[in-house]
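Here are my notes on this model, set out as numbered points. Please read them with the structure open.

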Amino acid sequence: MKRLGVLIAGLNGAVASTLVTGVALMRRGLARPQALISERYRQSHSLAGFDDMVIGGWDVRGENLFEAAVRNRVIERERLQPVTKELARLKPWPAGADKVASFGRQHQLDTVVVLNLLPTGENQESKVYARLAARHGCPFINFTPNDCGDLRVIPYCGRDGKTGQTWFK
């Protein structure tokens with residue numbers, strides 16, 4: 001299996017804290033990976049499993065992921081108990097800090113993906129993370145409607161996956 005790093009721009013936001021909390025719960029078997037199509041192909045395509053994922057990222061807020069999960073009300077507080085320590089250890093880097101290469105080396109990762117979950121309208125900030133991904137040859141996923149600039153030099157996908165989540169609220 002491959003070790004996968006997922007670096008999230010907007011780590012303390014609602015979508016990111018939901019993602020990180022879900023991964024932490026699934027690692028312990030406390031949540032099921034429902035509707036995750038990739039689970040069906042994990043073995044045959046040598047995809048990283050939840051235990052092979054290392055998450056990090058950036059945010060302007062300095063709170064750890066447990067505090068972000070509580071603030072964003074991603075899940076009932078009592079369900080967070082088994083992963084409280086894991087979430088509390090995960091703190092974002094300062095916005096825009098170039099930690100991509102050192103993150104990959106520190107965790108001995110095969111691949112690092114940069115995931116943009118910044119708020120809508122943060123176009124300049126989104127471009128910073130797209131450029132970081134390009135500088136390090138990392139795939140970039142834009143889960144926002146933000147303009148991330150010209151991304152033809154790296155694997156790139158996405159454009160506005162968060163709108164459905166926002167409308168659902």
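Does Arg 27 count as buried, partly exposed or exposed? Arg 27 counts as partly exposed, at 26% relative accessibility. The cut-offs matter here: buried means under 20% and exposed means over 50%, so a value of 26% falls in between. Keep in mind throughout that this is a predicted model.

1. **Overall make-up.** The protein has eight helices and five strands. Along the sequence they run β-α-α-β-α-α-α-α-β-α-β-β-α. Of the 169 residues, 42% are buried. Take the contacts with a separation of 6 or more: 70% of them come from residues 24 or more positions apart. The exposed area is about 9600 Å², and carbon and sulfur atoms supply 52% of that area.

2. **Helix H1.** Arg 27 belongs to H1, which spans residues 14–27. The helix has 14 residues and reaches 20 Å from first C-alpha to last, close to the 20 Å expected at 1.5 Å a residue. H1 is mostly covered, with ten of its 14 residues buried. Among the buried ones are Val 15, Val 20, Val 23, Leu 25 and Met 26. Smaller entries in the same list include Ala 16, Ser 17, Gly 22 and Ala 24. Gly 29 follows the helix and has a positive phi, near 75°.

3. **The Glu 86 salt bridges.** The count of salt bridges comes to seven. One of them pairs Glu 86 with Arg 27, at 2.7 Å from N to O. That pair links distant parts of the chain: Glu 86 sits in helix H5 (residues 84–89), Arg 27 in H1, and their positions lie 59 residues apart in the numbering. Glu 86 also forms a salt bridge with Arg 28, whose closest N and O atoms are 2.5 Å apart. Arg 28 lies in the loop between H1 and H2, while Glu 86 is in H5, so this pair ties together parts 58 residues apart in sequence. Arg 28 is partly exposed, at 42% relative accessibility.

4. **Arg 61 and Asp 59.** A further salt bridge joins the side chains of Arg 61 and Asp 59, at 3.8 Å from N to O. The cut-off is 4 Å, so the pair qualifies. How exposed is each partner, Arg 61 and Asp 59? Arg 61 is partly exposed, with a relative accessible area of 37%. Asp 59 counts as buried, at 9%. Elsewhere, salt bridges with shared partners join Arg 27, Arg 28 and Glu 86 into one network.

5. **Helix H7.** H7 covers residues 123–136, which makes 14 residues. Its span of 20 Å is close to the 20 Å expected. Which residues of H7 are buried? They are Ser 126, Lys 127, Tyr 129, Ala 130, Leu 132 and Ala 133. An α-helix has 3.6 residues a turn, so residues three or four places apart point the same way. The cover over the buried residues of H7 includes strands S1 (4–9), S2 (53–58), S3 (111–116) and S4 (140–142). After H7 comes Gly 137, with a positive phi near 70°.

6. **Cysteines.** How many disulfides does the structure hold? The number is zero. Cys 138 is buried, with a relative accessible area of 4%. Cys 148 is buried too, at 5%. Both values are under the 20% cut-off, so both residues are classed as buried.

7. **A nonpolar surface patch.** Ile 37, Tyr 41 and Leu 47 form a nonpolar patch on the surface. Together they have about 270 Å² of accessible area. Ile 37 is found in helix H2 (residues 37–41). Its relative accessible area is 56%, so Ile 37 is exposed.

8. **Gly 149.** Where does Gly 149 lie? Gly 149 is in the loop between S4 and strand S5 (156–157). Gly 149 is partly exposed, with a relative accessible area of 39%. Its C-alpha is separated by 8.9 Å from that of Gln 124, 25 residues apart along the chain.

Key
Residues are numbered from 1 along each chain as its sequence is written. This is a predicted model: local features need pLDDT of at least 70, side-chain atom pairs count only at pLDDT 80 or more; totals for chains, interfaces and linings use all residues. Side-chain values use heavy atoms; hydrogens and water are left out. Helices (H or I, at least four residues) and strands (E, at least two) are DSSP runs, numbered from the N terminus. The expected span of a helix is 1.5 Å times one less than its number of residues. Buried means under 20% relative accessible area, exposed over 50%, partly exposed in between (1.4 Å probe, protein chains only). Contact means heavy atoms within 4.5 Å. Patches are made of residues with over 30% relative accessible area and no salt bridge: like charges are joined within 9 Å, nonpolar side chains (Val, Leu, Ile, Met, Phe, Trp, Tyr) within 5 Å. Accessible areas come from the Shrake-Rupley method with a 1.4 Å probe; for residues, only the protein chains shown count as cover. A disulfide is a pair of cysteine sulfur atoms within 2.5 Å.
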